[in-house]
Amino acid sequence: MTGKAGRGLKAKVALKSHLLKEALAELLATFIMIALGCGCVAQTVLSRGALGGAHTISVGFAMAVTVGVYVAGGISGGHINPAVSFAMCLSGKMKWAKFPVYVLAQYLGAFLGSAVVFGINYDALAFYTDGVFNVTGPNATAHIFATYPQEYLSLTNGFAEQMTSTAFLILGVFAILDRDNLGVPKGLEPIAIGLLIILLTSSMALNSGCAMNPARDLAPRLFSYLAGWGPEVFTAGNHWWWVPVAGPMAGAALGAAAYMLFIEAHHFPLSPCQEKSADGLAEYELTHLEEGK
């Protein structure tokens with residue numbers, strides 16, 4: 001009875017819309033990434049470095065991404081990043097109709113993840129700041145949620161950094177997922193992506209923290225604005241806020257174009273692996289087309 005009841009409940013709860021399933025997967029995975037990733041930043045900042053540091057944040061955020069990709073990878077691909085979704089659409093790996101749904105889910109997941117970081121660390125924040133949430137200064141805490149530039153960094157240099165780091169991210173992701181290149185054994189893709197992020201945050205995080213993800217930066221920034229840090233989160237750093245939003249999107253286009261022009265476009269004639277993938281995709285689309293009739 002218990003087994004039948006469980007199956008019956010699952011049948012009633014299970015979503016029929018594939019797109020809605022993918023959106024929920026992206027929301028949950030992005031939520032996990034921010035709750036655990038920004039949680040690493042919070043622990044480092046609020047302990048004044050006693051319980052963390054740059055390496056903790058680098059490895060912790062990368063592992064948060066790894067867990068997120070494992071959670072959503074089999075459902076939505078585990079993009080957890082509008083720049084990745086943008087690159088997938090530009091390269092024809094995902095339909096454009098899905099793009100706004102994915103992005104909305106990613107932003108919402110990041111916002112909710114920020115709320116968890118704030119809630120769990122509220123007492124520590126109040127103790128650290130004496131109840132005054134500052135964006136800049138010796139007791140600044142806004143950078144727990146979003147990235148802020150070093151004092152010397154210009155917007156132009158910052159944009160170039162965000163674009164370049166995201167381009168490398170997309171190049172790496174495309175290579176990891178390319179079955180007609182070396183690829184990665186099935187099931188190990190999230191670990192490879194996590195290692196890639198450790199590399200990028202170890203080499204390109206000096207100037208502004210290496211966001212590489214508009215949802216990771218803008219949604220937590222919006223949360224911090226609402227939670228008490230105020231409008232300075234958008235004006236600090238010479239109105240820095242738009243750079244980690246626009247830069248990664250430009251980098252996504254650059255990275256996707258580079259991989260396709262230098263590597264993927266030259267996989268012709270189709271290898272046996274590509275032919276099998278094409279046949280499988282055609283069969284999948286035909287099956288779902290018939291189901292929809």
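Analyst: Helix axes are lines fitted to C-alpha atoms over the stretch in contact, and angles run from 0 to 180 degrees between N-to-C directions; contact means heavy atoms within 4.5 Å. You're looking at a predicted model, where local features need pLDDT of at least 70, side-chain atom pairs count only at pLDDT 80 or more, and totals for chains, interfaces and linings use all residues. Residues are numbered from 1 along each chain as its sequence is written, and side-chain values use heavy atoms, with hydrogens and water left out.

User: OK, how many helices are there in the chain?

Analyst: Helices (DSSP runs of H or I, at least four residues) and strands (E, at least two) are numbered from the N terminus. Read along the sequence, the pattern is simply α-α-α-α-α-α-α-α-α-α-α-α. Strands come to zero, and the count of helices is twelve.

User: What share of the residues count as buried?

Analyst: Let's sort out the words: buried is under 20% relative accessible area, exposed is over 50%, and partly exposed is in between (1.4 Å probe, protein chains only). The chain exposes about 15100 Å², with carbon and sulfur atoms supplying 68% of that; these areas come from the Shrake-Rupley method with a 1.4 Å probe, and for residues only the protein chains shown count as cover. Of the 293 residues, the buried share is 44%.

User: What percentage of the contacts with a separation of 6 or more comes from residues 24 or more positions apart?

Analyst: Take Ala 110 and Ala 219 as a sample pair: they sit 109 residues apart in sequence, but their C-alpha atoms are 5.8 Å apart in space. Ala 219 is also one of the residues that Ala 110 contacts. For the chain, pairs 24 or more positions apart make up 76%.

User: At what angle do α3 and α8 pack?

Analyst: Find α3 at residues 54-72 and α8 at residues 189-203. Their axes are 8 Å apart, and the packing angle is about 155 degrees.

User: And how does α3 run relative to α8, roughly parallel or roughly antiparallel?

Analyst: The cut-offs are under 35 degrees for roughly parallel, over 145 for roughly antiparallel, 65 to 115 for roughly perpendicular and oblique for the rest. With an angle of about 155 degrees, α3 and α8 are therefore roughly antiparallel.

User: How many nonpolar residues are in the contact of α3 with α8?

Analyst: On the α3 side you'll find residues including Val 59, Ala 62, Met 63 and Val 69, and on the α8 side residues including Ile 191, Gly 194 and Ile 198. Ala, Val, Leu, Ile, Met, Phe, Trp, Tyr, Cys and Pro count as nonpolar, Asp, Glu, Lys and Arg as charged, and the others, Gly among them, as polar. The contact has five polar and no charged residues, and the nonpolar count is eleven.

User: Which way does α9 cross α11, left-handed or right-handed?

Analyst: α9 (residues 214-229) and α11 (residues 243-262) pack at about 165 degrees, with axes 8 Å apart, so they are roughly antiparallel. Pro 214, Asp 217, Leu 218 and Arg 221 of α9 meet Pro 244, Val 245, Pro 248 and Met 249 of α11. A crossing is left-handed if the near helix is turned anticlockwise from the far one by less than a right angle, and right-handed if clockwise. The crossing of α9 with α11 is left-handed.

User: Is Gln 106 buried or exposed?

Analyst: Gln 106 is in helix α5 (residues 99-120). Setting aside neighbours within four places in sequence, its contacts include Glu 26, His 79, Asn 81 and Ala 215. Its relative accessibility is 0%, so Gln 106 is buried.

User: Which residues does Leu 112 touch, not counting those up to four places away?

Analyst: Leu 112 is in helix α5 as well, and at 37% relative accessibility it is partly exposed. Its C-alpha atom is 6.2 Å from that of Phe 31, a residue 81 places away along the chain. The residues touched are Leu 27 and Phe 31.

User: What is the phi of Arg 48 near?

Analyst: Most residues other than glycine have a negative phi. Arg 48 is in the loop between α2 and α3 and is exposed because its relative accessibility is 57%. Its phi is positive, near 55 degrees.

User: And what's the phi of His 239?

Analyst: His 239 is in helix α10 (residues 232-239), and its 42% relative accessibility makes it partly exposed. Although it isn't a glycine, its phi is positive, at about 60 degrees.
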